Structure formats: C-alpha cells, structure tokens
Amino acid sequence: MKISNVLKIFASILVVSMGGSAVADTLADTKARGHVRCGVSQGLPGFSNPDENGNWTGIDVDVCRAVAAAIFGKGGDEKVEYFPTSAKERFTKLTAGEYDILSRNTTWTLSRDAKIGLTFNGVNFYDGQGFMVRKDLGVTSALELDGASVCVNTGTTTELNLADYFRANGMSYEPVVFEKADEVVAAYDAGRCDVHTTDKSGLAAQRTKTAQPDDHMVLPETISKEPLGPVTREGDEPWSDIVFWVLQALITADELGISGADVKNVVGDTSQTPEVKRILGVEGETGAH
C-alpha cells in the first residue's frame with residue numbers, strides 16, 4: 001500500500017517551526033532524537049498494519065508520518081519509530097512517555113479525555129461498533145444473539161458497549177475476552193465464541209484474517225458512535241497543537257483535492273484559491289513561529 005497523496009504534501013513542503021519558550025519537552029526531545037515515536041495497533045489493516053518486511057501502512061500511520069514530515073521537513077515522513085501496543089496498555093505507555101503520539105484507532109470519550117491525562121487531537125475516522133457471525137449461525141440481526149458467546153478485546157469501549165447493548169435489550173451473553181486483537185480473531189475463527197464484536201471497520205479488516213472470509217458476515221446493527229483519532233499527553237500543548245493542526249491540514253488538503261502527485265503544478269498555478277495557497281505555504285506564513 002502506498003502512503004496517501006495528502007501525506008506527500010507534508011513530506012515535500014511543510015515544515016513546522018516553533019522556538020523559544022513555546023517549545024515543549026516532547027518537541028525538543030523529538031528533534032534531538034531525530035524521529036517521532038508512534039504508538040500503533042498490533043496489526044489492523046487500513047489503520048496500522050505491518051507488511052512482511054515490517055513496513056507500516058494505514059491512516060493512523062499516515063498521521064504519524066505527516067507529523068514527522070512537518071517537524072523534519074522533506075523526507076521527514078520516514079523518521080518514525082512504531083510501537084505496537086495493546087488496547088489495555090496503550091494509555092499507560094503514552095502517559096509514561098514510551099511514545100510521543102498514540103495513533104491507534106482509539107475512541108475519543110469523556111472519561112478518557114477528563115480523567116487519565118490525555119489530549120485528543122481531532123478525529124481521522126468516524127466508526128461504530130458492530131457484530132460479526134458465521135453465516136451458518138442462522139441469524140440476521142444482533143437482536144437474535146441472546147445467550148451467545150462473544151469474543152471481545154478487553155480494556156476497550158467495545159467491551160463496555162457490548163455490556164450496555166445486551167442489558168438494554170434484555171439479553172444475556174458470555175464474554176470471551178482477550179488482550180490482543182489478533183487473539184480475538186483467532187479465537188473467533190477457531191469457534192471458541194459465536195460472535196466477534198469491535199468497530200465495523202475493524203470487523204471488515206479482521207474478516208480478511210479468517211480462514212474462510214466468505215463464511216462470515218457483519219450484522220446490520222451499529223450500536224455506538226466511535227470517533228477515532230490521535231492522542232497525546234495532557235499538559236503538552238505545543239506538541240498537541242502540532243498534532244492537531246497537522247491532522248486538520250491533512251483533512252483540509254484532502255477536501256480541497258490537493259495531492260502529492262500534482263503539488264508542484266498546484267504551487268505554480270496562479271488561479272488557485274487563497275486557501276490552497278496558504279495550505280501549500282506559497283502565501284502567508286503558515287507554520288512560522
């Protein structure tokens with residue numbers, strides 16, 4: 001999978017510079033180290049997933065690469081070290097300083113934002129939780145799952161939403177919990193549970209990891225709202241500002257149809273709108289301290 005065209009813009013032209021007293025320890029440490037440390041999933045296609053050579057791709061990976069490009073300039077998008085982490089440990093490791101950004105299909109919630117020292121820096125994917133079953137189970141709705149055994153990733157909003165949904169609908173279930181996402185998929189595929197539940201994007205990706213993908217289906221119900229996005233440590237506003245505005249620039253560039261493939265032509269095109277010129281750095285002083 002190639003990196004997104006929008007990311008190439010940052011790798012080519014965007015350099016964020018912040019100086020003096022505005023520089024937080026994370027930014028200073030990152031510059032001194034020479035690369036961004038990025039907490040990612042343990043393998044979720046489309047979000048953060050390594051290939052057979054250990055090269056990471058996905059939209060969460062692109063956020064980290066764009067931040068690195070913004071800090072280090074041209075070629076900076078390669079200056080990222082990836083730290084696969086479980087759902088259970090992701091926040092503890094972030095607050096302990098083991099990585100600089102958690103970009104790991106993580107849901108923005110009130111309790112996480114307010115209670116455990118985190119700053120959410122926008123949304124890069126809106127998702128919702130669903131259920132996957134084997135077709136031969138003979139159900140077509142989540143409301144037919146009373147008494148089912150359900151494989152779920154512990155330490156997630158998924159686990160809480162599952163309990164709420166079954167209780168609200170007067171149904172019982174047997175939770176079968178695992179710390180790693182791949183363990184959930186393997187257990188479900190081996191028949192240790194009737195149902196696999198997570199965000200629907202995750203179900204679509206993890207269905208491809210089953211032995212016979214066509215034997216499985218995602219049920220129509222969406223039982224939650226899951227705004228996913230990158231996370232930084234609370235109280236580190238200069239660093240969080242960089243992550244937030246890089247994400248906004250990525251979203252805006254995609255919305256405006258700016259791609260790395262034609263960025264040089266866009267820069268030289270005098271007919272471009274002021275907004276396009278500003279985001280490409282050919283007008284104004286975006287990124288200057």
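Me: What does pLDDT stand for in practice, and what is its mean over the protein chain?
Reply: pLDDT is the predictor's confidence in each residue, on a scale from 0 to 100. This is a predicted model. Its protein chain has a mean pLDDT of 88, with 90% of the residues at 70 or more.

Me: Where does pLDDT stay under 50?
Reply: Over residues 11-24. For that stretch the model has 35 contacts beyond four places in sequence.

Me: How many helices and strands does the protein chain have, and what share of its residues is buried?
Reply: There are 11 helices and 14 strands in the protein chain. Of the 289 residues, 48% are buried. Contacts can also be sorted by separation in sequence: among those with a separation of 6 or more, 73% are between residues 24 or more positions apart.

Me: Next, the sheet. What is the order of the strands in the open sheet of five?
Reply: The order is β10-β9-β11-β8-β12, and the pairing is mixed. At the edges are β10 (173-178) and β12 (216-218), each of which pairs on one side only. From one strand to the next the twist averages 30 degrees.

Me: Which way do β8 and β9 run relative to β11, parallel or antiparallel?
Reply: Each pair has to be read from its bridges. Strand β9 (residues 148-153) runs parallel to β11 (residues 195-199), and two bridges join them. Between β8 and β11 there are five bridges, and these two strands run antiparallel.

Me: Which residues of β11 are the partners of C151 and G130?
Reply: C151 has H196 as its bridge partner in β11. For G130 the bridge partner in β11 is T198. In addition, V150 stands opposite V195 of β11.

Me: How many residues of β11 are buried?
Reply: In general, the side chains of a regular strand alternate between the two faces of the sheet. In β11, five of the five residues are buried, so the strand is largely enclosed by the rest of the structure.

Me: Which helices lie on these strands, and at what angles?
Reply: Helix α6 (residues 157-168) lies across β8 (129-134), β9, β10 and β11, and runs at about 80 degrees to β8. Helix α8 (residues 200-207) also packs on the sheet, where it touches β8, β11 and β12. The direction of α8 makes about 125 degrees with that of β11.

Me: What span does α6 reach, and what is expected for it?
Reply: The 12 residues of α6 reach 16 Å from the first C-alpha to the last, close to the 16 Å expected at 1.5 Å a residue.

Me: Which residues of α6 are buried, and which are exposed on the face turned away from them?
Reply: The buried ones are T157, T158, N161, L162, Y165 and F166. They cover an arc of only 155 degrees around the axis, so they are on the same side of α6. The face turned away from that buried side carries the exposed residues L160 and R167. The cover over the buried residues includes α5 (110-115), β8, β9, β10, β11 and β13 (226-228).

Me: Which residues of helix α7 are buried?
Reply: In α7 (residues 181-189) the buried residues are A181, V184, V185, A187 and Y188. Their arc around the axis is only 165 degrees, which puts them on the same side of α7. Among the elements covering them are β8, β9, β10, β11, α8 and β12.

Me: What sign does phi take after α6 and α7, and where is N105 found?
Reply: Most residues other than glycine have a negative phi. G170 follows α6 with a positive phi near 65 degrees. Just after α7, G191 has a positive phi of about 85 degrees. N105, a residue other than glycine, also has a positive phi, near 30 degrees. N105 is found in the loop between β5 (101-102) and α5. The cut-off for buried is under 20% relative accessible area, so N105 counts as buried at 17%.

Me: Is S240 buried or exposed, and what is it in contact with?
Reply: S240, in helix α9 (residues 237-256), is buried, with a relative accessible area of 4%. Leaving aside neighbours within four places in sequence, S240 is in contact with T119, N121, T232 and R233.

Key. Residues numbered from 1 in each chain as written. Heavy atoms only, no water. Pairing = 2+ DSSP bridges. Helix = DSSP H or I, 4+ residues; strand = E, 2+ residues; numbered from the N terminus. Axes fitted to C-alpha atoms, helices over the stretch in contact; angles between N-to-C directions. Contact = heavy atoms within 4.5 Å. Buried < 20%, exposed > 50% of the residue type's maximum accessible area, 1.4 Å probe, protein only. Expected span 1.5 Å × (residues − 1). Arc of directions from axis to C-beta.
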